[in-house]
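Trainee: Could you take me through one part of this structure in detail? I would like to look at the second largest pocket. What lines that pocket, and what else is worth seeing afterwards?

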Amino acid sequence: MTHLTLSNICKQFAGTTAVEDFNLEVEKGEFVSFLGPSGCGKTTTLRMIAGFEVPTTGKVTIDDTDITYQAPNQRNVGMVFQAYALFPNMTVAQNIGYGLRIRKESKTAIKERVTEMLALIHLEKKGNSYPHQLSGGQQQRVALARALAIRPQVLLLDEPLSALDAKIRVSLRAEIRAIQKKLGITAIYVTHDQEEALSISDRIVVMYEGRIEQVGTPFEIYNFPQTAFVASFVGTLNTAPAEVVDPAKHLLKIDGVQLESAEMLEDKHAGDKVTIAIRPERFNFIAQERKANILDCQIENITFLGSVVRIQLLIGSNRFYMDTFNNPFLELPKIGDKAQITCSREAVLVLKA
């Protein structure tokens with residue numbers, strides 16, 4: 001069932017368009033991430049859901065109720081900010097119960113809800129502590145508990161982990177996802193970190209220059225990018241110009257080398273120029289069982305990345321990367337060697353313009 005709907009949203013600031021033609025339906029209990037570089041409009045879109053910005057055109061609805069022009073305090077929406085935004089003169093318990101006090105709930109109800117929230121974020125013994133006595137990760141958990149304490153219809157998270165170190169980010173994002181699943185709450189998460197979005201989202205909305213580039217599951221976004229921007233922004237991806245040889249047989253060529261794709265090319269004609277994309281991990285050195293595509297290459301560089309070895313290849317005039325899992329007994333070619341690599345038909349993507 002659709003819970004949150006953004007219809008034809010557009011936002012302009014002094015003649016500059018920050019968000020354009022944004023349409024999205026979010027199901028109840030779904031975890032959706034807005035992913036994109038700085039300035040792409042993801043935070044502006046989040047602020048329009050929260051009520052801190054009003055769309056120039058378009059409509060925001062929750063459970064079929066139009067909230068487009070409601071003030072933030074009139075919406076049942078919880079917000080977690082990047083900078084924690086905890087009140088330094090209040091204890092942890094007071095911070096968590098703040099929204100409930102504003103709503104004039106009884107002292108007994110507030111105390112019960114705060115106790116419940118402290119247990120949820122595993123800070124039962126920190127209720128009487130002040131924010132400056134907590135670590136960054138603990139402070140962000142308190143900010144999350146404060147947002148959840150009011151039982152919001154939608155939870156909004158604006159790059160909540162960007163101020164934390166890498167190890168804490170990984171553990172806390174898993175904790176946020178576990179809490180969201182446990183409560184069954186609808187969540188919108190803003191991030192520029194592709195690994196973060198891929199690891200915790202039900203769906204990802206990739207944004208660029210105020211527009212939606214692609215919406216899909218993490219699996220779809222990573223494995224089947226639809227545009228050149230998504231292909232370049234999410235993960236490492238080899239791209240190269242190619243020419244359509246035979247649309248019916250899915251045949252392409254790069255620098256005279258023929259490739260077979262599994263992509264549908266019915267709207268293409270022989271001679272059409274396209275851009276192809278292949279993930280580095282989809283390449284393999286030629287083994288006894290050959291696949292559809294065989295490419296002659298020269299080894300330009302080999303980089304050890306711990307669990308992965310990245311090999312830089314030159315295929316014609318195009319530079320590609322190939323990733324293979326590290327193996328202590330792996331026999332790698334030497335820089336300057338000639339080699340043959342292969343990939344499946346399914347690995348060769350044809351990107352939209």
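Mentor: The second largest pocket holds about 150 Å³ of space. Keep in mind that this is a predicted model.

Start with the walls. Going along the chain, the lining begins with Gln-214 and Val-215. Next come Glu-220, Phe-224, Pro-225 and Gln-226. Glu-263 also takes part. Then find Leu-349, Val-350, Leu-351 and Lys-352, which complete the lining.

Now ask which elements these residues belong to. Two elements give two or more residues each: β10, residues 211-216, and β20, residues 349-351. β20 supplies the largest share, three residues.

Sort the lining by class. Six residues are nonpolar, two are polar and three are charged. Glu-220, Glu-263 and Lys-352 are the charged ones, because Glu and Lys count as charged. Gln-214 and Gln-226 are the polar pair.

Next, turn to the enclosed space. The whole structure has one cavity of 30 Å³ or more. The volume of this largest cavity is about 40 Å³. Its lining includes Phe-224 and Leu-349, and both of these residues also line the second largest pocket. Look for the other cavity residues too: Asn-223, Ala-277, Ile-278, Arg-279, Arg-282, Glu-346 and Ala-347. By class, the cavity lining has five nonpolar residues, one polar and three charged.

Now set the largest pocket beside these. About 580 Å³ of space lies there. Its lining has 18 residues. Pro-72, Val-77, Tyr-98, Gly-99 and Ile-150 lie nearest its centre. Three elements each supply at least two lining residues: β6 (77-80), α2 (92-102) and α4 (136-149). Twelve of the lining residues are nonpolar, three are polar and three are charged.

Finish with a helix. α1 runs over residues 42-50 and is mostly covered, with seven of its nine residues buried. Find them in order: Lys-42, Thr-44, Thr-45, Leu-46, Met-48, Ile-49 and Ala-50. Notice that Lys-42 is on that list of buried residues. Just after α1 comes Gly-51, with a positive phi near 100°.

Go back to the second largest pocket once more. Trace β10 and β20 first, as both give two or more residues to its lining. Then pick out Phe-224 and Leu-349 in the pocket lining, and find the pair again around the cavity.

Terms used:
Residues numbered from 1 in each chain as written. Predicted model: local features only at pLDDT ≥ 70, side-chain atom pairs only at ≥ 80, totals over all residues. Heavy atoms only, no water. Buried < 20%, exposed > 50% of the residue type's maximum accessible area, 1.4 Å probe, protein only. Helix = DSSP H or I, 4+ residues; strand = E, 2+ residues; numbered from the N terminus. 1 Å grid on protein atoms, 1.4 Å probe; cavity = no way out; pocket = protein on both sides within 12 Å on 5 of 7 lines; lining within 4 Å. Points joined across faces, edges and corners; volume = space filled by probe spheres on them.
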